[in-house]
Amino acid sequence: MRGIMEDMPCVSTRGDGPNGRRVEGFLYRYRKGGEVRIVCVCHGRFLSPAEFVKHAGGGDVAHPLRHIVMNPTRSSFS
Ligand SMILES: [Zn+2]
């Protein structure tokens with residue numbers, strides 16, 4: 001399990017709606033070039049990028065991945 005988590009980059013987004021809040025999660029790619037899912041840290045739920053943006057209080061966006069920031073991984077320095 002630990003090895004899997006290390007391959008999952010930490011991401012975050014902030015909804016731009018009135019109830020917007022910052023939500024963090026882990027990016028999970030099923031396979032190269034395949035579907036992207038994001039596991040939110042608050043519920044441990046698998047969400048699509050669009051659902052992840054809405055989870056943070058954002059609205060319908062055309063390119064949800066552009067609203068999701070990938071956090072720099074610290075493990076590359078260890
Ligand atoms: Zn959540």
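Here are a few friendly notes on the sheet in this predicted model, ending with a look at one residue of an edge strand.

1. Let me start with the overall layout. Five strands form an open sheet in the order β4-β3-β2-β1-β5, and their pairing is antiparallel. The two edges belong to β4 (46-47) and β5 (68-70); each has a single partner strand, so one side of each is left without a neighbour in the sheet.

2. Strand β1 deserves a closer look. Residues 10-14 make up β1, which runs antiparallel to β5 and is joined to it by 3 bridges. Strand β2, residues 22-29, is also antiparallel to β1, and 5 bridges link the two.

3. Threonine 13 is a handy place to see both pairings. Its bridge partner in β5 is isoleucine 68, while its bridge partner in β2 is valine 23. On the β5 side you can also find serine 12, which stands opposite valine 69.

4. Now to valine 69 itself, a residue of strand β5. Is valine 69 buried, exposed or partly exposed? Its relative accessible area is 49%, which makes it partly exposed, because the exposed class begins only over 50%.

5. What does valine 69 touch, once its neighbours within four places in sequence are left aside? The contacts are Cys10, Val11 and Ser12. Glutamate 24 is 45 residues away from valine 69 in sequence, and their C-alpha atoms are 9.4 Å apart in space.

Methods: Residues are numbered from 1 along each chain as its sequence is written. This is a predicted model: local features need pLDDT of at least 70, side-chain atom pairs count only at pLDDT 80 or more; totals for chains, interfaces and linings use all residues. Side-chain values use heavy atoms; hydrogens and water are left out. Two strands pair if DSSP finds at least two bridges between them. Helices (H or I, at least four residues) and strands (E, at least two) are DSSP runs, numbered from the N terminus. Buried means under 20% relative accessible area, exposed over 50%, partly exposed in between (1.4 Å probe, protein chains only). Contact means heavy atoms within 4.5 Å.
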